[in-house]
Amino acid sequence: MAATEQEVLAGLAEIVSEETGLPTDAVLPEKSFTDDLDIDSLSMMTIVTHAEDKFDVRIPDDDVKNLTTVGDAVSYITKAQG
């Protein structure tokens, strides 16, 4: 069953928190992965891999570069599930 956007956001916040040590409440849809959350490319790939496993989706490398904000990732994962 596909997760709602709120469930995806919560799950993604947990993944980002585990990878970076940031509090989950800092992971908001409008936050930029690189500028606001200071996530480097290696951490981003780890986050993507965990998100693929958690939400049972595939995020091709070419699409990852377009996921600049948390909201972009939430929308992408939500659509990829459907």
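Good morning. I begin with Glu52, which counts as buried because its relative accessibility is 15%, under the 20% that sets the limit for burial. The model I am presenting is a predicted one.

What does the side chain of Glu52 meet? It meets the side chain of Arg58 in a salt bridge, with 2.9 Å from N to O. Arg58 itself counts as exposed, since its relative accessibility is 57%. One partner of this bridge, Glu52, is therefore buried, whereas the other, Arg58, is exposed.

How many salt bridges does the structure hold? There are 2. Besides the pair just described, Lys65 forms a salt bridge with Asp62, and their closest N and O atoms are 3.7 Å apart. Here Lys65 is exposed, with a relative accessible area of 59%, and Asp62 is exposed as well, with a relative accessible area of 54%.

Glu52 also leads us to Ile59, because heavy atoms within 4.5 Å count as a contact and Glu52 is among the residues that Ile59 touches. Ile59 is found in the loop between α2 and α3. Is Ile59 buried or exposed? With a relative accessible area of 3%, Ile59 is buried. Leaving aside residues up to four places away in sequence, Ile59 touches Val48, Glu52, Val64, Leu67, Tyr76 and Ile77. Of these, I would single out Ile77: it stands 18 residues from Ile59 in sequence, and the two C-alpha atoms are 8.1 Å apart in space.

The loop between α2 and α3 also holds Asp56. Phi of Asp56 is near 55°, a positive value in a residue other than glycine. As a general matter, most residues other than glycine have a negative phi. Asp56 counts as exposed, given its relative accessibility of 71%.

Let me turn to the next loop along the chain that I have chosen, the one between α3, residues 61-64, and α4, where Thr69 has its place. Thr69 counts as buried, because its relative accessibility is 19% and burial means under 20%. Which residues does Thr69 touch, not counting those up to four places away in sequence? They are Pro29, Glu30, Lys31, Ser32 and Phe33.

One of those contacts, Glu30, lies in the loop between α1, residues 5-20, and α2, residues 41-55. In contrast to the buried Thr69, Glu30 counts as exposed, at 55% relative accessibility. Glu30 also belongs to a surface patch of negative charge, where it gathers with Glu19, Asp35, Asp36, Asp38 and Asp40.

From that patch, Asp38 deserves a separate word. Asp38 has its place in the loop between α1 and α2, and it counts as exposed because its relative accessibility is 66%. What is the phi of Asp38? Its value is near 55°, which is positive in a residue other than glycine.

I close beyond the helix α4, residues 70-81, in the segment that follows, where Gly82 lies. Gly82 is exposed, with a relative accessible area of 95%. Its C-alpha atom and that of Val57 are separated by 9.7 Å, although the two residues are 25 residues apart along the chain.

To review the main points: the bridge of Arg58 and Glu52 is one of 2 salt bridges, Ile59 is buried in the loop between α2 and α3, and Glu30 joins a patch of negative charge on the surface while being touched by Thr69. Thank you for your attention.

Terms used. Residues numbered from 1 in each chain as written. Predicted model: local features only at pLDDT ≥ 70, side-chain atom pairs only at ≥ 80, totals over all residues. Heavy atoms only, no water. Patch = residues over 30% accessible without salt bridge, like charges linked within 9 Å, V, L, I, M, F, W, Y side chains within 5 Å. Areas by Shrake-Rupley, 256 points an atom, 1.4 Å probe, with all protein chains shown as cover. Salt bridge = Lys/Arg side-chain N within 4 Å of Asp/Glu carboxyl O. Lys, Arg positive; Asp, Glu negative; His and termini not counted. Charge placed at Lys NZ, Arg CZ, Asp CG, Glu CD. Helix = DSSP H or I, 4+ residues; strand = E, 2+ residues; numbered from the N terminus. Buried < 20%, exposed > 50% of the residue type's maximum accessible area, 1.4 Å probe, protein only.
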